[in-house]
Every structure is written in C-alpha cells, then in structure tokens.
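Subject: Structure handover

Hello,

Please find the structure below, with the sequence. My notes follow it.

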Amino acid sequence: MVSSETVLGLGGTVDYEIDWDSAVLEHLAVEYGVTVSELTTRHPIASERDLVVSVLAFLQTGSGGERFVASSGIVETFAARFTSRVTLGGTGVRAALAMEVLGVTSTLHLVSIDDHVRRLLPPGSGYISSAADDSTDPHLIIQFPVGARVRVGGAVLAASHANRLIYSNDPPNQTLYLSAELPAALRQATLFLVSGFNSMQDAAALDERLGELRAAMACLPDGATVFYEDSGFHRPEFTARVLAALLDTIDVYSMNEDELENHLGRTVDLLDPSAVHAALVDIGTLIPARHLVVHTKYWSVVMGGDAGSASDTAPASDAASGAASDAAGYREALRGGILMASTRYRFGDGFTLADYEGMAGERQNPAGVAVAAALRELLPGAVCIPGFQLDDPSPTTIGLGDSFVGGFIAALRRGRAV
C-alpha cells in the first residue's frame, strides 16, 4: 500500500463511454415500438427496451441521472451498438485523476480490480482493495450534446442541455466491502473522501457497511477532514440511513443540482434567486451538515457556520476537523472545484495544468453572477461563486461532479483554503 494523507473511497468502476449517435437511438425506438407517451426516467430497467425508453426520457428533459439495470448484459448489448472507449469511473477515481494533473496524489480504496483498472489508475497514487479476485462489471456512460435530436414516431426530442447518464449493475459496488487495510490508511490521512453508498441494494448490508466505516473512521487523526459526495441513489430510501449513520462525522457534505432536486422532490430554477434561496434553506434543514456544498453549471455555494437559516440546525463542530466554523474558509476550495470541473468540461480527459490555470481567466456566466449577487443578500453567511460562460460545441459532461470534488480537495491539499 502506498500511503497518502488523502484517502479517496469507497469504490471505483470500469466505464464504457459511448459516442452519442442519434441514428442508433432512432433505429432502436422503431425496432422496439417506443412511443413518446411511455417515456419515463423512473421505470425499472429490466431489458434493452427499458434502457432505450430511459435514455430518451432523459434526453427529452435535458437532465442527467444514474440508474440501476437488471444485468450487465443489458449494458454490454447496448454499448456494442455504438463506438465506445474504456475509462475508469467512481467519484474517488475520477477525483484522483483530476488531482494528479495538479501534482496531488492519493490512496484509493477500491472494491473491484481488473487489468483495465491497473492500466488506467493515476500512476502517482496507490490503492487498497477489498476484492479477492479480478472482475469486470462495466458502467454504461452516455453523454448527449445540447440540441441532440431523436425522432420518436411523429415527435422530435431535442436536448435542452448537454448532460450525462450512468447505467450499471455492479455487484462489488452493490456490496461495497471495505478493505482490511482501510483503518491503517486512515491513520495517515488528513482528508478522507466518502462516496459510493448510492449503488448498494440491500438495507442490512448497507447498515453493516456503515457501522464498519464508522469504526474505521475512528482511526482518523484529530484535525482530519471528512468530505462526503452525494450521488444518485439506486434506492432513494437508503439516503436517510446514510445520513443517520454518518452526518455527525462529515465536515463537508457535497451534491450537484440533480441530487439537490432529488432530495427536495421538486425541480429548482437555478437562475431564479428566490427559488435558489428557498431550495438552499430547505436542503439545509433536510441535511443539517456542518458545511453543505451545492455545485451546479451556473454557480456553486458552500454554507455552514454562520450561513444563515440554511444551517441553523447544523451540529456543533468542536470535535470536527480543522475546518473553519464558517463557510468563508472554503472559498478557495470552492473556486478550485469550479475550475477543475470547467476545465474537464472544455478539454475532457486529456486536460493539462496549463488548461486548468488558463481557465481562471475565462468570463463568468452573467446569469450565475446575478444569482451569486442575490445570495450574498439572502444568505449572507454563505459563499456563492459563479460558474464560467462556457459555450463549447462538444463538451465533456461525464465526470464533472467528480472533477469538482478533485478540484475542491486539491485546493485544500495545496493550502489554498482552510
């Protein structure tokens, strides 16, 4: 095991990233007799036809998401119809790949391993794994560009936003066994990323794993920071179990706009300051974290400490990490997250340090600037930073949240915040 002061967990994935092809989707819609009236993002995915219905439903709304499929065979069959490439996923792994561009290394906690993983992991980082044998259970990653059009019957579906979709059936990530080496790794850590519980399917196994994780986290040294990244839970009712078990151990609780809406059970107009303010107050009441981060395409915000009514019920942080008692201490980390996600959006997997540093000079999104200005009045204790005005015709929408996490953590590690 290569030890690092940053431990990123809890699982990684092998991803099949397909190139968007509207013609293939149109052919499948005809072949399976799909109609616009049946499009939904909520129906279980037990066949390739169900998968086609789901993809078209997301395209129709321009939204992104993550869904469970009944078997990896569905993923394999669908992916084989497109040009695709093999990459690595999982919040910790993609965060590590982004961080290494800035020279920040880590120790990854994995639950599965194969030759793809060994070949593609960031070379400067080490890993520990709970896997006894090699296995491959690919995740299907789909990204569609803004304006992507697919004809379904007499209607034409057009994407209002570029976005990404994830479909998977991954037994190692569903069980999420912890490595026996995790406690030792955490003894050396000053920062621990927790993610991955969203893939679990069994309540008893989830409770067992949460208990094991709490026991391992007792090995963290005083002053260590715990960063939790939310995700689209395959079983949304499990969110409450994770919050009950871990919220008092978490210093920074982070989510994107899709997860914000999932928690609230409603859509949020991200460019309406009143709607955004109401959403942030409500999410702060629902998830009373020490510091709560919401990252979106237009703006990102961190609340905590004196961030106003959105954090009035937050637990005391005397025994927590060296995190500041207010949100201002995370300003540069928030900026680092936005920079990293924006750089990946524009340049994809192959971005460089020069790309990252050059992004800081880009123009901010005027609509995001307006929301940030309004929130300074509505939530004076929070920090809200606008995103950049990025109008790239062929952006990368995969892994943006993971890259945000990597940029946020790397900024903390490089001494730019807290």
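Alanine 410 sits in helix H15. The model is a predicted one, and in it alanine 410 has a relative accessible area of 0%, so it is buried. Leaving aside residues up to four places away in sequence, alanine 410 touches Met99, Leu102 and Val104. Leucine 102 is 308 residues from alanine 410 in sequence, yet the two C-alpha atoms are 7.5 Å apart in space.

Helix H15 (residues 400-413) also carries phenylalanine 408, which takes part in ring pairing. There are six aromatic pairs in the structure. In one of them, the ring centres of tyrosine 330 and phenylalanine 408 are 5.9 Å apart and the planes are at 20 degrees; stacked pairs have planes under 30 degrees apart, so this pair is stacked. Tyrosine 330 belongs to the loop between strand S15 (299-304) and helix H12 (331-347), and the pair therefore links parts of the chain 78 residues apart. Tyrosine 330 and phenylalanine 408 are both buried. Ring pairs join these two residues with Phe227 and Phe404 in a cluster.

Salt bridges come next. The whole structure has 22 of them. One is again on helix H15: aspartate 402 pairs with arginine 94, with 3.9 Å between the closest N and O atoms. Arginine 94 is in helix H4 (residues 91-101), and the partners are 308 residues apart in the chain. Both aspartate 402 and arginine 94 are buried. The two also belong to a network of salt bridges whose other members are Asp15, Glu17, Asp19 and Arg85.

A second bridge joins lysine 297 and glutamate 257, where the closest N and O atoms are 3.1 Å apart. Lysine 297 is in the loop between strand S14 (291-295) and S15, while glutamate 257 is in helix H10 (residues 257-264), so the bridge ties together parts 40 residues apart in sequence. The two ends differ in exposure: lysine 297 is partly exposed at a relative accessible area of 38%, whereas glutamate 257, at 13%, is buried.

In a third bridge, the side chains of aspartate 349 and arginine 344 meet at 2.6 Å, N to O. Here aspartate 349 has 48% relative accessibility and counts as partly exposed; arginine 344 has 5% and counts as buried.

Another arginine is worth a look for its surroundings. Arginine 209 is part of helix H8 (residues 203-217) and is buried, with a relative accessible area of 3%. What does the side chain of arginine 209 reach at 3.1 Å? The backbone oxygen of leucine 176. Residues up to four places away in sequence aside, arginine 209 touches Thr175, Leu176, Tyr177, Leu178, Phe197 and Met200.

Leucine 176 has a backbone feature of its own. Its phi is near 50 degrees, a positive value in a residue other than glycine. Most residues other than glycine have a negative phi, and most peptide bonds are trans. Leucine 176 is in the loop between helix H6 (171-175) and helix H7 (182-187), and its relative accessible area of 0% makes it buried.

The other backbone point concerns a peptide bond. Glycine 9 and leucine 10 are joined by a cis peptide bond, with omega about 15 degrees. Leucine 10 is placed in the loop between strand S1 (6-8) and strand S2 (13-18).

Finally, the chain as a whole. Its secondary structure consists of 15 helices and 16 strands. For 418 residues, a compact globule would have a radius of gyration near 22 Å, and the 20 Å of the chain agrees with that. Along the principal axes, the C-alpha atoms fill a box of roughly 60 × 50 × 45 Å. Of the 418 residues, 58% are buried. Taking contacts between residues at least 6 apart in sequence, 75% join residues at least 24 apart; the bridge between aspartate 402 and arginine 94 spans 308 residues. The chain has an accessible surface of about 15800 Å², and carbon and sulfur atoms account for 50% of that surface.

Regards

Key: Residues are numbered from 1 along each chain as its sequence is written. This is a predicted model: local features need pLDDT of at least 70, side-chain atom pairs count only at pLDDT 80 or more; totals for chains, interfaces and linings use all residues. Side-chain values use heavy atoms; hydrogens and water are left out. Rings of Phe, Tyr and Trp (its six-membered ring) pair if their centres lie within 6.5 Å; planes under 30 degrees apart count as stacked, over 60 as edge-to-face and the rest as tilted. Helices (H or I, at least four residues) and strands (E, at least two) are DSSP runs, numbered from the N terminus. Buried means under 20% relative accessible area, exposed over 50%, partly exposed in between (1.4 Å probe, protein chains only). A salt bridge is a side-chain nitrogen of Lys or Arg within 4 Å of a carboxyl oxygen of Asp or Glu. The radius of gyration is taken over C-alpha atoms; the globule rule is 2.2 Å times the number of residues to the power 0.38. Contact means heavy atoms within 4.5 Å. Accessible areas come from the Shrake-Rupley method with a 1.4 Å probe; for residues, only the protein chains shown count as cover. A polar contact is a pair of N or O atoms within 3.5 Å; within protein, one must be able to donate a hydrogen and the other to accept it, and residues adjacent in sequence count only if both atoms are side-chain atoms.
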